[in-house]
Structures are given as structure tokens and as C-alpha cells.
Amino acid sequence: KLQFLYFIVFPQKTQKKSPPTKMAIALYSNMLARYPYGFNMVQSGSVMGGTDAMVQKVQKKNDSYDLWRGAVMVGWAGLLSTPFHLSLWKFCDKMYPKTSLRSAAMKGFGTAIVFGLPTNCAFLAFTTCAGAYLQNKPVDTSLLAHRIRHDAPNMWTNGIAYWGLSNTFNFALVPKQYRIPFMALCSTFWMAYLSVLSTSNSSEKSSSA
């Protein structure tokens with residue numbers, strides 16, 4: 001991951017790599033350029049799926065894997081979050097085209113502050129409703145309301161610091177075509193947090209019932 005992060009931030013430093021590495025980098029860059037939405041959606045969904053699998057492994061003492069939970073998390077990252085953020089970043093670059101640190105900070109913290117809360121509410125609504133649908137169960141509206149009232153504000157305040165700094169670095173130093181891959185790496189810990197959060201309240205409610 002550190003080598004991949006170095007390549008994303010400093011792509012010009014990879015010119016002296018071996019031919020197989022050059023071919024892989026060229027192929028990767030070509031896929032990003034030709035399919036910016038589709039390729040990044042697959043990439044982000046894969047990262048989320050792998051992260052959720054690791055979180056489930058840590059959370060559970062047995063070897064069972066919750067396929068529905070994993071599918072919901074992959075769906076959120078690949079189908080919704082990635083295309084939204086790609087469009088959002090294009091809009092931010094159009095409104096604030098400068099690449100100075102000040103401009104990057106305005107875009108980075110601005111997006112975290114303005115869009116963080118509605119994005120978190122959408123995540124909680126999607127994971128609750130999609131999880132119930134895939135398991136052929138009715139949506140627990142009381143659980144959904146509890147998550148939006150209690151979890152969304154906490155996610156928002158935590159996300160301002162985490163994503164504000166990450167987005168600032170992203171806007172300031174990372175080339176546009178590599179922003180989603182870079183944020184996919186940054187999102188590993190955040191996805192683990194979301195993955196835990198997506199089921200924590202459900203478990204607490206079940207134990208208290």
C-alpha cells in the first residue's frame with residue numbers, strides 16, 4: 001500500500017521501473033482514463049468488500065461470513081459513494097480551479113462540512129434498508145431513526161477532521177485521475193469504522209430486546 005500510495009502521489013518517480021511494472025502502471029492508468037466511473041466503482045467496491053471481510057473476521061470468533069452485510073457495504077461504496085464523489089470533486093475543481101494549499105483546504109474541509117451529514121444519513125438509510133431487503137425482512141424504522149439521530153452526527157463530526165485533512169491532501173497533491181484510488185486507500189480505516197457502525201446498533205438493540 002505504501003508503494004502504491006507513492007506511485008499515486010508521485011507518478012513521475014515511476015519511470016525507471018522494470019518493464020512488467022511499467023506495463024502494469026500503464027494498464028492501470030489507461031483503465032482509469034478510459035473508464036473513470038466504472039473502473040473506480042469496481043475498485044472502491046473491492047476495497048470496501050475486503051475491508052468489511054477483515055472487520056467481520058475480527059468481530060466474530062467463528063469463521064462465518066455475513067454475505068448480505070458484505071454485499072450491502074460493497075454496493076454502497078461501488079454504486080453510490082464513488083460516482084457521487086467523482087462528480088462532487090469535478091464540480092469543486094470547476095468552482096475552485098487553483099491548486100494552492102488554501103484552495104485545497106477550502107475544497108477539502110468544505111466538502112466534509114457541507115456534504116458529510118447528508119452523506120452519512122444516506123449511508124445509514126441505505127445499509128439499513130438494503131440489508132433488510134436482501135434478507136427479505138421488513139425495514140426496522142425505529143432502528144433507522146435511531147441511527148440517523150445518534151450515529152449520523154457523530155459520523156459527521158469525526159468525518160470533518162478525518163476527511164477534511166484527507167481531502168485537502170487529495171486536492172493539493174494527488175493528480176485528478178488518481179484521486180479515487182488514493183481516497184480508497186485512505187478510506188480503509190473509515191470503511192472499517194462504517195462497517196462496525198452499520199451493525200453495532202442492530203446488535204445492541206437485539207441484546208436489549
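Where does Ser100 lie relative to helix H4 and helix H5? In this predicted model, Ser100 is found in the loop that separates helix H4 (67-95) from helix H5 (101-134). Its relative accessibility is 35%, and Ser100 therefore counts as partly exposed, a class that lies between buried, under 20%, and exposed, over 50%. Although Ser100 and Leu173 are 73 residues apart in sequence, their C-alpha atoms are 9.5 Å apart in space.

The interior may be considered next. The largest nonpolar core comprises 17 residues. Within this core, the residues with the most contacts are Trp89, Trp163, Phe171, Tyr178, Phe182 and Met183. Two or more residues are given to the core by each of H2, H4, H5, helix H6 (141-173) and helix H7 (179-208). Of these elements, H7 gives the most, with five residues. A second core, separate from the largest, has nine residues, among them Met48, Trp76, Ala77 and Phe123.

Helix H2, one of the contributors to the largest core, also packs against helix H3. Two packed helices are described by the angle between their axes and the distance between the axes. For H2 (residues 19-34) and H3 (residues 36-59), the angle is about 120° and the axes are 5 Å apart. Roughly perpendicular covers 65 to 115 degrees and roughly antiparallel begins over 145, so the two helices are oblique to each other. On the H2 side, the contact is made by Tyr28, Met31, Leu32, Ala33 and Arg34. H3 contributes Pro36, Phe39, Asn40 and Gln43 to the contact. By residue class, the contact of H2 with H3 consists of six nonpolar, two polar and one charged.

Terms used:
Residues are numbered from 1 along each chain as its sequence is written. This is a predicted model: local features need pLDDT of at least 70, side-chain atom pairs count only at pLDDT 80 or more; totals for chains, interfaces and linings use all residues. Side-chain values use heavy atoms; hydrogens and water are left out. Axes are lines fitted to C-alpha atoms, for helices over the stretch in contact, and angles run from 0 to 180 degrees between N-to-C directions. Helices (H or I, at least four residues) and strands (E, at least two) are DSSP runs, numbered from the N terminus. Angles under 35 degrees count as roughly parallel, over 145 as roughly antiparallel, 65 to 115 as roughly perpendicular and the rest as oblique. Contact means heavy atoms within 4.5 Å. Ala, Val, Leu, Ile, Met, Phe, Trp, Tyr, Cys and Pro count as nonpolar, Asp, Glu, Lys and Arg as charged, and the others, Gly among them, as polar. Buried means under 20% relative accessible area, exposed over 50%, partly exposed in between (1.4 Å probe, protein chains only). A nonpolar core is a set of buried Ala, Val, Leu, Ile, Met, Phe, Trp, Tyr and Cys residues joined through side-chain atoms within 4.5 Å.
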